[in-house]
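Trainee: I would like to check how some labels in this kind of description are justified. Can we go through them one by one?

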Amino acid sequence: MCGIVGYFGQKDPKEVIVGGLKRLEYRGYDSAGVAILDGPMGQQHIKVVRAQGKLAELSKKLEHEKFTGRLGIGHTRWATHGVPSERNAHPHTVEGVSLVHNGIIENYQDIKRTLAASGATFTSDTDSELVAHLLSRKVKETGDLLKAVDGILPLLRGAYAIVAMWEKQPDVLVAFKNGPPLVIGLGEKEVIVASDVQAIISHTNKVVYIDDHEIAFVKGADLKVFTAGGNSIKKEIQTITWSADQVEKAGFKHFMHKEIHEQPRAVANACAPHIDLAAKVVRLHDVGLTDAQFKKIERIFIIACGTSYYAGVAGKYVIEKIAQVPVETDIASEFRYRSPVIPPNTLVVTISQSGETADTLAALRLAKKMGALTLSICNVRASSIDREADGRIYMNSGPEIGVASTKAFVSTLAVLNLFSVYLGSVRGQLAKNEETNIVENMLALPAQMEAVLSYDKFFGEAAMKLKDYRGVLFMGRGVSYPIALEGALKLKELAYMHAEGYAAGEMKHGPLALIDDRMLILMVCPSDEHYEKSLSNLEEARARGGKIMSIGTGDDAALKAVSDDYLSLPVANWMVNPILAALPVQLLAYHVADAMGNDVDQPRNLAKSVTVE
Ligand code: F6R
């Protein structure tokens, strides 16, 4: 859950590493550091600069630092072991060996005890420093960093991606992993090792993804990959198709705001590979699963975390209605630790923007072990979840940098709509005219989303009212319910306000007691089959003095009459309503958080890619 970068090449390593860390700051931002070779040729040593706080603090410290070497590593941290502080910041260096680590060494207490018993002293509270100790001891025996890494691997348990350097081998980086991602960019006479291609893309679009239990050996500008034990592996060089511009703010104050406005394009890109425009039908080519497999499915589990989980809850409503297949949704951290029953002919769908979320990955592995067919919906191609599932559909949202997920969420909703249509159609549950109707609605959706986003300023004004309340109760019924869940999550994580998402029918079973003039009810109430019931819920809340903001369809006089504030969406098919309704809930949270002066792109205590439990 941290960002790591390593560099060897002709450019200034400080610039490349700090530039890369800037792009990875979404992964963690409580402290940062670099270790870069310095000194005259032949006597180079590692110089380490670290700082508590965001990367800007490290940049200040580095402003006047110069390094003569061509090799270095860097890290931006999301603390697991040891509080965020300079002494716990990476890189950790022990007798000329320096490393950066993303993940958790689970047997760190055993390792620490053994090291302490043989005289080691520690300068941090981290598990990562212990690996630096192990390596520095091993490198003395072997005289070679690659051999040293190979030698210590059997001692490590847990999830890790590590990049190490040793000052006696001034053109060597060794990187190895089990769990968190590692990708290596191959440029002109340079190699960049990173947690994510975003740190690489401005230097080269040629990359190699490192798999678990592989060791990447960078010597000069050459890359070799080995198994533990030293067998050489041939790796495919992949070409990244998106450009460096896509990871800039393009005039917006925050990445999140830019990403909210990119959503019409994100949805269009998510749908494009799967819609046959001439026939107006959905075709799931190239997903890695066959029609025969889709026809055999008797039950679907959708498993994910956070926002991706809420997208999955929306998926349950559409798949059950359109394809008539029973769907269970499950939070990955629950699924993996209960004793799930997976009947024969079950499809397990895992949803993950990053494709690296530890719990979702573990759930996928468990499902495979239990014999389920698996399908992943990921944004990051070649991520662990993407690679390990039997089939895959991409969100195609482009890079999402704001820590709070927005465009990946709506792209997933779009993908799940198309998936339900395809499933319904191959299983004979959906008539051709119904399919055409849904496809037409999906094709019209990006323009409708643009129309909603053009009211951004108006949503911003409404958002200012949220500050007056002690909490917000988001509610919805049917497929609007997951939007209520998502609206509450966005408000919590960005504005640090208490918010709850509720199925509106549950209001009488408890939450009604919360209602007074300091608790806002935000009802997602588009005109669909649940409309009348949601309206009655609002009447009940109003009768008890509740304050109401509602999101409805068109110029809805009845809804306006029971609401203190009313936000309008265009008339749309029930399946696309949640995608439209996601926009105002995102913008409300964004604007109120920005007005409160919160760091919208990097909310406190969070990180984007949760590669640890
Ligand atoms: C909230 C948010 C998180 C993620 C969750 C899963 O805005 O972004 O709740 O949705 O951490 O992440 P992925 O989708 O990468 O598995």
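Mentor: This is a predicted model. We can start with Asp286, which is placed in the loop between β17 (281-282) and α8 (291-296).

Trainee: What makes phi of Asp286 a value to point out?

Mentor: Phi of Asp286 is near 55 degrees, and this positive value occurs in a residue other than glycine.

Trainee: Which peptide bond is called cis, and what is its omega?

Mentor: The bond that joins His90 and Pro91 is cis, with omega about 0 degrees. Pro91 is in the loop between β4 (71-77) and β5 (92-94).

Trainee: Now the ligand. Why is the pair formed by Glu493 and the ligand called a polar contact?

Mentor: A polar contact needs N or O atoms within 3.5 Å. A polar side-chain atom of Glu493 is 2.5 Å from an oxygen atom of the ligand, so the pair meets the cut-off.

Trainee: What part of the ligand's area does the protein bury?

Mentor: Of the 410 Å² that the ligand exposes when taken alone, the protein buries 90%.

Trainee: Which backbone atoms pair with the ligand?

Mentor: A backbone N or O atom of Ser405 is 2.9 Å from a ligand oxygen atom. For Val403, a backbone N or O atom is 3.5 Å from a ligand oxygen atom, and the cut-off is within 3.5 Å.

Trainee: How many residues surround the ligand, and what kinds are they?

Mentor: The ligand is surrounded by 15 residues, and the closest are Ser308, Ser352, Ser354, Thr357 and Glu493. The shell divides into five nonpolar, eight polar and two charged residues.

Trainee: Which domains supply at least three residues each to the shell?

Mentor: Domain 2 (255-452) and domain 3 (456-595) each do so.

Technical notes. Residues numbered from 1 in each chain as written. Predicted model: local features only at pLDDT ≥ 70, side-chain atom pairs only at ≥ 80, totals over all residues. Heavy atoms only, no water. Near = heavy atom within 4 Å. Polar contact = N/O pair within 3.5 Å; in protein donor to acceptor, adjacent residues only side chain to side chain. Areas by Shrake-Rupley, 256 points an atom, 1.4 Å probe, with all protein chains shown as cover. Nonpolar A, V, L, I, M, F, W, Y, C, P; charged D, E, K, R; others polar. Domains from an automatic or database assignment. Helix = DSSP H or I, 4+ residues; strand = E, 2+ residues; numbered from the N terminus.
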